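Thank you all for coming; I would like to walk you through one structure this morning, starting at its surface and then moving inward. Please have a look at it before I go on.

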Amino acid sequence: RSGDWIVPTQDGLPFFHKPPLFYWITAASMQLFGPNAAAARLAPLIGAVLGALGLVWFVRRHAGEVLALWTLPVLATLPFFFGGAQFANLDMLVAGFVALTVVLAADAALALETGEPHRRSLVGAWACAALGVLAKGLIGLVLPGLVLVLWLLITRRPRTILRLISPLGLLVFAVIAAPWFFAVQARYPTFAHYFFVYQHFERFAATGFNNVQPWWFFFAAVPALALPWSLWALRSAWLSSKGLSAAAVGGPTHPLHPLRVLMWTWLLGILVFFSIPQSKPVGYSMPVLFPIAFLAADALHAAWHNGRVAPRRLVQASFAVALLICLGAAIGSALTYDRDNTKLARVLLKERAEGDPVVFVGEYFFDIPLHARLKSPVPVTSDWRDPKIVLRDNWRRELAEAAPFTPELASTLLVDAPRGFALRCGTKPLWAVVKVDAEGTVAAVPGATRVAESNRGVLWRIAPASCAALAIAASAAAR
């Protein structure tokens with residue numbers, strides 16, 4: 001909407017919680033396919049596809065064609081992966097690049113030990129780490145680094161760690177990742193502290209953020225969201241402990257042993273890492289879906305080639321259950337899609353004339369600007385002087401934290417309730433999208449007509465009136 005590809009914005013204000021790769025892909029997709037929900041899902045789909053292709057390539061290269069052919073359908077029908085690939089947020093995009101970084105670097109490490117060519121994989125790993133940083137910040141480098149270091153230490157190959165630090169790889173990483181950070185820092189001198197110190201280190205250790213959960217949350221949620229394949233992944237651990245594998249005989253000297261150690265390190269290392277902070281959004285755990293798929297495929301392969309009928313029927317039943325869960329989730333999402341504010345936004349798109357002002361009351365409605373095709377940022381009325389804003393990680397905090405970067409623009413968009421309607425009154429009707437529990441603020445305004453409602457918001461049309469009358473009515477309602 002703005003034409004500015006350097007500074008991501010939320011309601012027109014700089015949004016520096018995350019880097020821009022997701023937004024770049026989404027904006028490009030919307031330019032090609034229009035501003036619609038399907039176009040907004042391209043970035044997670046890209047992350048899922050690239051991560052899946054990278055995992056299958058790695059498994060084929062180091063475990064054989066057959067196991068690779070088992071891994072792909074397991075990953076594609078893993079319910080959490082299936083949903084994450086179609087959910088328009090940043091988690092699957094960074095998960096895909098984390099997966100690519102891990103498998104490319106692991107391939108380089110294994111090639112280094114056998115004297116095979118490794119530079120292409122190693123440089124590719126650094127490039128994917130840079131894209132992971134552009135997708136979601138330092139986590140794109142920290143997570144694969146954590147997995148690889150732990151894996152090489154566990155398998156007693158510490159020297160390989162240093163050999164993976166490639167000067168050419170570091171140069172490629174810097175060329176891809178650094179320009180955006182320097183460009184934003186040149187515009188906003190306080191950006192580096194806000195992004196690296198506050199949004200990374202302080203957030204990791206602080207309280208007051210979304211989805212506070214007990215330490216064991218991911219160890220319960222991820223297996224549940226990965227059913228039935230999480231059960232097969234556990235069976236893979238049992239098979240390995242018994243010295244069995246898809247190749248019949250396992251153990252520390254078996255070719256698959258380093259891969260199994262890598263996958264368990266990948267799975268458990270990331271789950272433990274994200275279990276440390278109090279805030280635990282479940283999407284953070286998406287990078288572990290790739291090792292779960294490999295481990296499940298390993299056990300499925302062993303069961304299928306067991307030679308008995310019962311294990312094969314169990315494999316078939318597991319695929320049927322996985323497909324039913326994915327299909328049920330897709331149907332359920334389609335049936336409940338309009339339960340957010342999409343339907344309300346469509347009414348606004350149909351009824352509102354071009355140029356009619358819009359204001360949000362009591363909440364910033366993220367989905368309405370997209371579905372109502374609003375071409376300008378929307379003023380949001382709330383108590384912006386409330387000191388409790390910084391205590392909760394929500395839309396108010398996000399917008400309030402953006403205000404210092406562009407204070408003049410923020411003063412026109414973040415407005416207190418007593419003057420919220422008066423700012424936009426004139427010769428055209430004012431459209432107010434109001435949080436349900438704030439309706440009284442609008443109902444008291446002369447000429448206000450209730451037009452539509454959703455589960456969280458109500459659309460009001462306020463007839464043209466003098467600014468003085470609106471100001472008096474809004475101030476009285478606020479008192």
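By a patch I mean here a group of residues with over 30% relative accessible area and no salt bridge, in which nonpolar side chains are joined within 5 Å. With that in mind, and remembering that this is a predicted model, you can find a nonpolar surface patch of about 540 Å², made by Trp215, Trp216, Phe219, Leu268 and Val272. Trp216 sits in the loop between helix H11 and helix H12, and Trp216 is partly exposed, with a relative accessible area of 45%.

Let me turn to helix H8, residues 139-154, whose 16 residues should span 22 Å at 1.5 Å a residue, and the end C-alpha atoms are indeed 22 Å apart, which agrees. Among the buried residues of H8 are Ile139, Leu143, Val147 and Trp151, and what covers the buried residues of this helix includes helices H6, H7, H9 and H14. Just after H8, Arg156 takes a positive phi of about 60 degrees.

Now to the charged pairs, for the structure holds 13 salt bridges. In one of them, Glu113 pairs with Arg157, with the closest N and O atoms 2.8 Å apart, and this pair links distant parts of the chain, since Glu113 is in helix H6 and Arg157 in the loop between H8 and H9, 44 residues apart. Glu113 counts as partly exposed at 38% relative accessibility, whereas Arg157 is buried, with a relative accessible area of 14%.

Notes:
Residues are numbered from 1 along each chain as its sequence is written. This is a predicted model: local features need pLDDT of at least 70, side-chain atom pairs count only at pLDDT 80 or more; totals for chains, interfaces and linings use all residues. Side-chain values use heavy atoms; hydrogens and water are left out. Helices (H or I, at least four residues) and strands (E, at least two) are DSSP runs, numbered from the N terminus. The expected span of a helix is 1.5 Å times one less than its number of residues. Buried means under 20% relative accessible area, exposed over 50%, partly exposed in between (1.4 Å probe, protein chains only). Contact means heavy atoms within 4.5 Å. Patches are made of residues with over 30% relative accessible area and no salt bridge: like charges are joined within 9 Å, nonpolar side chains (Val, Leu, Ile, Met, Phe, Trp, Tyr) within 5 Å. Accessible areas come from the Shrake-Rupley method with a 1.4 Å probe; for residues, only the protein chains shown count as cover. A salt bridge is a side-chain nitrogen of Lys or Arg within 4 Å of a carboxyl oxygen of Asp or Glu.
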